[in-house]
Amino acid sequence: MFMGNIGVPTKKLVKAPMATTITDSQKPFSLDPYHVSEEFGFILPAPLAELPPYYQPWMDIAQHVTELIYSHMLRSHILKMPLLNTQLLESHRELRLAHLALSVMTMGYVWQEGEDDTVKMLPRNLAIPYCEVSQRLGLPPILTHADAVLANWRKRDPQGLFDMENLELLVTLPGGDSVRGFFMVTLLVELAAVPAIKSIPLVINGVQCDDAETVTRALEEFSQAIQGMTDALKLMHDVSYVVPVYVKPEVFYGIMRIYLSGWKDNSSMPAGLVYEGVQAEPMEYSGGSAAQSSLLHCFDELLGVKHEAMSGAFLTRMRNYMPPSHKRLIQDISLQPSLRGFVQQQACEPLTAAFQLCVTKLLALRSYHINVVSRFIIVPAARARQLRNQGNISQEETVSRAPTALEEKGTGGSGIMSFLKTVRDRTRDVFNLK
């Protein structure tokens, strides 16, 4: 619907002159330095399911966190856990599994009794190794998107398809099948984005070479991938989509959200959390958030989406919850010659249309995400308020068990709807190429 508002002249697409090449000072841009997989993108390929035997005390608890929370025994089990030496963790995959295991234990320990009985201190036998592993990975000591989604999967049949029926979690949290559905659908969104990630070097190098034809083809692949991401997101819960409902909104809102919530911008833990044996002062960390995915950050930098001060500050802060190499990729994309400026300069109809389609698809993805958030947070929150106002706190109504501290916020602590709408509106601004 924005196709007629570009306001630039058109010309026939021509291939860039052969004399225009990348100079020695402009080496071809590549994904190789950023630990991005050709097959899986930002997803950790083939995550480990087990740690070396020395760390079995961690895995024994991490693999039973849900049962231990429901029996109110998780905290007591963690307090009895031995303090283990993290130096025996050698490979990156071992460190990622260790971080995942320690993360779910931490979330369960903090939120075992809900928002009214939180803790002020994480015990040293959990806090010390958790912070050591976090430091080695460059991740914060809290459950992140990189843990719960990117490194928390395996195939039931190793030779089978990478789809909902053949994927399962390595570790889980309360919420039953909806937890698996939530993390696995998010994983499939990441997988759908892989062709777009692989197109980024083609776009950047094409701009450097003044090769409009290459950039156009790469942007066409890019827009198709964003459409694939939207299609994958519809697996979350779309009553018009002919698939099972993998995530129940009332379960997400009433049960799951608290275990994804952090101790920053959360009135249930206004002082943060002390990591015993690490630092005497409390530390504050945001909970898991879609904003911790590197995908849309990369897309925004490539397409030239500029965010307002408040939303931009939150997004920038979320980059500290990503693996450092992925964060560096986002930063390095931002340093490349402007794609938007290149499209303006070329004034080439196929290139402009390809660029425009990418923005259209990104805008549609963000609009659909707003609908998902409304269904999973705003509508259940209204129902929870209605029940409280009626004095009807019934165990039969799952939403009535939801924490009130984050009622209108995302698990990352942002004012969710105003933030998402602002981000969407800034995406729409990219259409103005005048």
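**Exercise 1. Work out what span helix 5 (residues 124-137) should have at 1.5 Å a residue, and compare that with its end C-alpha atoms.**

Solution. Start with the count: helix 5 has 14 residues. The expected span is 1.5 Å times one less than the number of residues, which gives 20 Å for this helix. Now turn to the model, which is a predicted one. Here the end C-alpha atoms of helix 5 are 19 Å apart, in agreement with the expectation.

**Exercise 2. Decide how far helix 5 is enclosed by the rest of the structure, and find what its buried residues pack against.**

Solution. First, apply the cut-off: a residue is buried when its relative accessible area is under 20%. Next, go along the helix and collect the residues that pass: Asn125, Leu126, Ala127, Ile128, Pro129, Tyr130, Cys131, Val133, Ser134 and Leu137. That is 10 of the 14 residues, so helix 5 is largely enclosed by the rest of the structure. Then look for the partners. The buried residues of helix 5 pack against helix 1 (56-62), helix 3 (74-79), helix 4 (92-111) and helix 13 (324-334), and also against strand 1 (121-122) and strand 4 (274-275). Finally, step just past the helix: Gly138 has a positive phi of about 75° there.

**Exercise 3. Describe the surroundings of Ser134 in helix 5.**

Solution. Begin with exposure: Ser134 has a relative accessible area of 2%, so Ser134 is buried. Now take its side chain, where a polar atom lies 2.8 Å from the backbone oxygen of Tyr130. To finish, leave out residues up to four places away in sequence; Ser134 then touches His99, Leu139, Pro140 and Pro141.

**Exercise 4. Classify the crossing of helix 10 (residues 249-256) and helix 15, and name the residues that make the contact.**

Solution. The two axes come within 9 Å and cross at roughly 70°. Because angles of 65 to 115 degrees count as roughly perpendicular, helix 10 is roughly perpendicular to helix 15. On the helix 10 side, the contact is made by Pro249, Phe252 and Tyr253. Helix 15 contributes Arg375, Phe376, Ile377, Pro380, Ala381 and Ala384.

**Exercise 5. Place the residue His369 in the fold: is His369 buried, partly exposed or exposed?**

Solution. Start from the record: an unreviewed UniProt entry carries the annotation "binding site" for His369. Locate the residue next; His369 is found in helix 15 (residues 349-389). Its relative accessible area is 25%, so His369 is partly exposed. Last, check the neighbours: not counting residues up to four places away in sequence, His369 touches Leu233, Ala290 and Leu420.

Definitions and conventions. Residues numbered from 1 in each chain as written. Predicted model: local features only at pLDDT ≥ 70, side-chain atom pairs only at ≥ 80, totals over all residues. Heavy atoms only, no water. UniProt positions renumbered as here; feature names shortened; annotations may be inferred. Helix = DSSP H or I, 4+ residues; strand = E, 2+ residues; numbered from the N terminus. Buried < 20%, exposed > 50% of the residue type's maximum accessible area, 1.4 Å probe, protein only. Contact = heavy atoms within 4.5 Å. Polar contact = N/O pair within 3.5 Å; in protein donor to acceptor, adjacent residues only side chain to side chain. Axes fitted to C-alpha atoms, helices over the stretch in contact; angles between N-to-C directions. Parallel < 35°, antiparallel > 145°, perpendicular 65-115°, else oblique.
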